[in-house]
Amino acid sequence: MPRFAANLSMMFNEWSFLDRFKAAADAGFEAVEYLFPYEHAPEDVARALTDNGLTQALFNCPPGDWGKGERGIAALAGREEAFLASIDTALRYAAATGVKRLHLMSGLADAADPAAAARYRDAVAFAADRLGEQGIDLMLEPINGRDMPGYFLNDFGRAVALIEALGQPNVKLQFDIYHRQIMHGDVTMALRALLPVTGHIQIASVPSRNEPDGGELNYPFLFGELDRLGYTGFVGCEYRPRAGTLDGLGWFEVYRGNRE
């Protein structure tokens, strides 16, 4: 059965951030992910993981000024110095938490702009080299334009083409099933084709982005497909609970025993 990581940016919001780790562990999760840990000291995040026996599955590199609308800076001209500093910051938190996968957000830029494409390619190559020195995989996640209008990396095909062109073994696809369904559909066949370059998988119902127990996708079938394909990584639960987080965990009951 799949192993699930609670996304603490979306789930368990009834608790303060550092208290969400215990809440997730108590609910039966063996791992956690989230967007960003950077408002908290690395040692505090590490302690929350250790105290609750959790594995850090994933988090994002710093995205620039999120409050001012930046959604990553890798493809943005003029943000090179901030980008280099962001990788240093991410690596400090990676060292503290033991995470083995970091997601690099591309930013808001014209997907057809050659300058943005060149900047993004260079940024990905640089980040992959730095992360590779520490045994960490770099994740590239296509994000749909409905949730994030203007996002540069908005196509699975382009993400995979870049991964293949770079040929750096630690550059992997972050396969968010929610985004895939909205952008392209054909989820099962895409999983079969792209699993060799996939480093992390995330889930949510479509179109509501709630618990994976309704909507237009058959998640029990997809979880079985991941088992058939031999996927052994974590499945990140990047969804917004309809009501209380604990109230919406009925879908998770059959998988709860996976925590060791």
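These legends go with a set of close-up views of one predicted model.

**View 1. The closed barrel of eight strands.**
Let's start with the overall frame: eight strands close into a barrel in the order β1-β2-β3-β4-β5-β6-β7-β8, and the pairing is parallel. On average, neighbouring strands in this sheet are turned by 30° against each other, with direction ignored. Helix α4 packs on the sheet and touches β4, β5 and β6. The direction of α4 makes about 150° with that of β5. As background, strands of a sheet pair through backbone hydrogen bonds, and the pairing can be parallel or antiparallel.

**View 2. Strand β1 between β8 and β2.**
Here we zoom in on strand β1, residues 3-7, which is mostly covered, with four of its five residues buried. β1 runs parallel to strand β8 (residues 234-237), and four bridges join the two. With strand β2 (residues 31-33), β1 is again parallel, this time through three bridges. Alanine 6 is a handy residue to look for: cysteine 237 in β8 stands opposite it, and so does valine 32 in β2. Follow the chain from β1 through helix α1 (residues 17-26) to β2 and you have a right-handed β-α-β unit.

**View 3. Strand β6 and its two partners.**
Strand β6 covers residues 171-176, and five of these six residues are buried, so the strand is largely enclosed by the rest of the structure. Strand β5 (residues 137-140) pairs with β6 in the parallel sense over three bridges. Between β5 and β6, the chain crosses through helix α5 (residues 156-166), and this β-α-β crossover is right-handed. To line the two strands up, find leucine 138 opposite valine 171 in β6, then leucine 140 opposite leucine 173 in β6. Strand β7 (residues 198-203) also pairs with β6 in the parallel sense, over four bridges. For that pair, glutamine 174 stands opposite histidine 200 in β7.

**View 4. Phenylalanine 4 and the nonpolar cores.**
The largest nonpolar core has 85 residues, and Phe4 is among those with the most contacts inside it, along with Phe12, Phe21, Phe29, Ile177 and Trp251. Helix α4, residues 114-132, gives the most to this core, with eight residues. What does phenylalanine 4 contact, leaving aside its neighbours within four places in sequence? The aromatic names on the list include Phe29, Phe223, Phe234, Trp251, Phe252 and Tyr255. Phenylalanine 4 is also in contact with Glu30, Ala31, Ile203, Val235 and Cys237. A second, separate core has six residues, including Ala5, Ala31, Leu58 and Met139.

**View 5. Histidine 103 in strand β4.**
Is histidine 103 buried or exposed? Its relative accessible area is 1%, under the 20% cut-off, so histidine 103 counts as buried. The residue sits in strand β4, residues 101-103. The side chains of histidine 103 and asparagine 60 are joined by a polar contact of 2.8 Å. Apart from neighbours within four places in sequence, histidine 103 is in contact with Leu58, Phe59, Asn60 and Cys61, as well as Met139, Leu140, Glu141, Tyr151 and Gln174.

**View 6. Valine 187 in helix α7.**
Valine 187 lies in helix α7, which covers residues 187-194. Its relative accessibility is 5%, so valine 187 counts as buried. Not counting residues up to four places away in sequence, valine 187 touches Phe175, Ile177, Arg180, Gln181, Leu217 and Leu222. Ile177 is a name you have already met, as one of the residues with the most contacts inside the largest nonpolar core. If you want a ruler across the model, valine 187 and leucine 8 are 25 Å apart, C-alpha to C-alpha, and 179 residues apart in sequence.

**View 7. Threonine 198 in strand β7.**
Threonine 198 is found in strand β7. With a relative accessible area of 10%, which is under 20%, threonine 198 is buried. Look for the backbone oxygen of leucine 194, which lies 2.8 Å from a polar atom of the threonine 198 side chain. Leaving out residues up to four places away in sequence, threonine 198 touches Lys172, Leu173 and Phe175. Leu173 is also the residue of β6 that stands opposite leucine 140.

Methods: Residues are numbered from 1 along each chain as its sequence is written. This is a predicted model: local features need pLDDT of at least 70, side-chain atom pairs count only at pLDDT 80 or more; totals for chains, interfaces and linings use all residues. Side-chain values use heavy atoms; hydrogens and water are left out. Buried means under 20% relative accessible area, exposed over 50%, partly exposed in between (1.4 Å probe, protein chains only). Two strands pair if DSSP finds at least two bridges between them. A crossover is right-handed if, with the strands pointing away from the viewer, the path from the first strand over the helix to the second runs clockwise. A nonpolar core is a set of buried Ala, Val, Leu, Ile, Met, Phe, Trp, Tyr and Cys residues joined through side-chain atoms within 4.5 Å. Contact means heavy atoms within 4.5 Å. A polar contact is a pair of N or O atoms within 3.5 Å; within protein, one must be able to donate a hydrogen and the other to accept it, and residues adjacent in sequence count only if both atoms are side-chain atoms. Axes are lines fitted to C-alpha atoms, for helices over the stretch in contact, and angles run from 0 to 180 degrees between N-to-C directions.
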